[in-house]
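Subject: Handing over the structure

Hi,

Here is the structure I promised to pass on to you. Have a look at it first, and then read my notes below.

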Amino acid sequence: MHEDAVSAPELICSAKGCRASATSALLWNNPRLHTPARRKVWLACPAHTESLAEFLSLRGFLRDTVPADTIPEGVG
Ligand SMILES: [Zn+2]
């Protein structure tokens with residue numbers, strides 16, 4: 001299903017207190033909570049992509065970083 005630009009929900013950065021538009025999506029998995037194929041997603045604006053990715057990678061959770069408009073279906 002494709003949504004046009006008017007009805008598509010706005011993607012907002014996941015960083016605490018940030019309301020900027022997200023440009024990147026960090027796909028992550030916590031092996032203690034999630035099955036291996038599961039992907040959680042954090043959205044990030046340009047200012048927060050690096051710090052959010054670092055937070056996840058330090059914990060070994062980060063799996064992939066993709067443009068916010070190419071988030072695979074079924075994540076979240
Ligand atoms: Zn942000």
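Before the tour, one bit of naming: helices here are DSSP runs of H or I with at least four residues, strands are E runs of at least two, and both are numbered from the N terminus. Also keep in mind that this is a predicted model. The protein chain has an average pLDDT of 90, and 88% of the residues score at least 70. Comparing the elements, confidence is highest in α1, at 98, and lowest in β2, where the mean is 96.

**The overall layout**

The protein chain has one helix and three strands. Reading from the N terminus, you meet them as β-β-α-β. Of the 76 residues, 20% are buried. If you take the contacts with a separation of 6 or more, 61% of them are between residues 24 or more positions apart.

**The sheet**

The three strands make an open sheet, ordered β2-β1-β3, with antiparallel pairing. That leaves β2 and β3 as the edge strands, each pairing on one side only. From one strand to the next, the twist averages 25°.

Start with β1, which is mostly covered, as four of its five residues are buried. Five bridges link β1 to β2 in the antiparallel sense, and β1 and β3, also antiparallel, are joined by five bridges. Trp 28 is a handy landmark here: its bridge partner in β2 is Lys 40, while in β3 it stands opposite Leu 62. Elsewhere in the sheet, Ala 25 faces Leu 43 of β2.

**The helix**

Now for α1, which covers residues 49-58 and has Thr 49, Leu 52 and Leu 56 buried. Looking down the axis of α1, these buried residues fall within an arc of 80°, so they line one face of the helix. Turn to the other side of α1 and you find Glu 50, Ser 51, Glu 54 and Leu 58 exposed.

What do the buried residues of α1 pack against? Their partners are β1 (24-28), β2 (40-44) and β3 (62-67). The helix α1 lies across β1, β2 and β3, and runs at about 5° to β1. Leu 56 is a good residue to click on: leaving out residues up to four places away in sequence, it touches Leu 26, Trp 28, Phe 61 and Leu 62. After α1 comes Gly 60, which has a positive phi, near 75°.

**The core**

Which residues make up the largest nonpolar core? There are eleven in all: Cys 13, Ala 22, Ala 25, Leu 26, Trp 28, Trp 42, Leu 43, Ala 44, Cys 45, Leu 52 and Leu 56. At least two residues of this core come from each of β1, β2 and α1. So the core includes Leu 52 and Leu 56, which you met above as buried residues of α1.

**The segment after β3**

Two neighbours in the chain caught my eye here. Ile 71 is in the segment after β3. Is Ile 71 exposed, buried or partly exposed? With 18 C-beta neighbours inside 10 Å, Ile 71 counts as partly exposed, because a residue is buried only from 20 upwards and exposed only at 12 or fewer. Not counting residues up to four places away in sequence, Ile 71 touches Ala 25, Val 41 and Val 66. Its C-alpha lies 8.9 Å from that of Ser 24, although Ile 71 and Ser 24 are 47 residues apart in sequence.

Pro 72 is placed in the segment after β3 too. Pro 72 has 11 other C-beta atoms within 10 Å, so it is exposed. How many residues along the chain lie between the positions of Pro 72 and Val 41? They are 31 residues apart, and 9.7 Å separates their C-alpha atoms.

If you want a route through the model, try Trp 28 with its partner Lys 40 in β2, then Leu 56 and its contact with Trp 28, and finish at Ile 71 with its contact to Ala 25.

Over to you!

Definitions and conventions:
Residues numbered from 1 in each chain as written. Predicted model: local features only at pLDDT ≥ 70, side-chain atom pairs only at ≥ 80, totals over all residues. Arc of directions from axis to C-beta. Contact = placed C-beta atoms within 7 Å. Core = buried A, V, L, I, M, F, W, Y, C linked by C-beta atoms within 7 Å. Pairing = 2+ DSSP bridges. pLDDT = per-residue confidence, 0-100. Axes fitted to C-alpha atoms, helices over the stretch in contact; angles between N-to-C directions.
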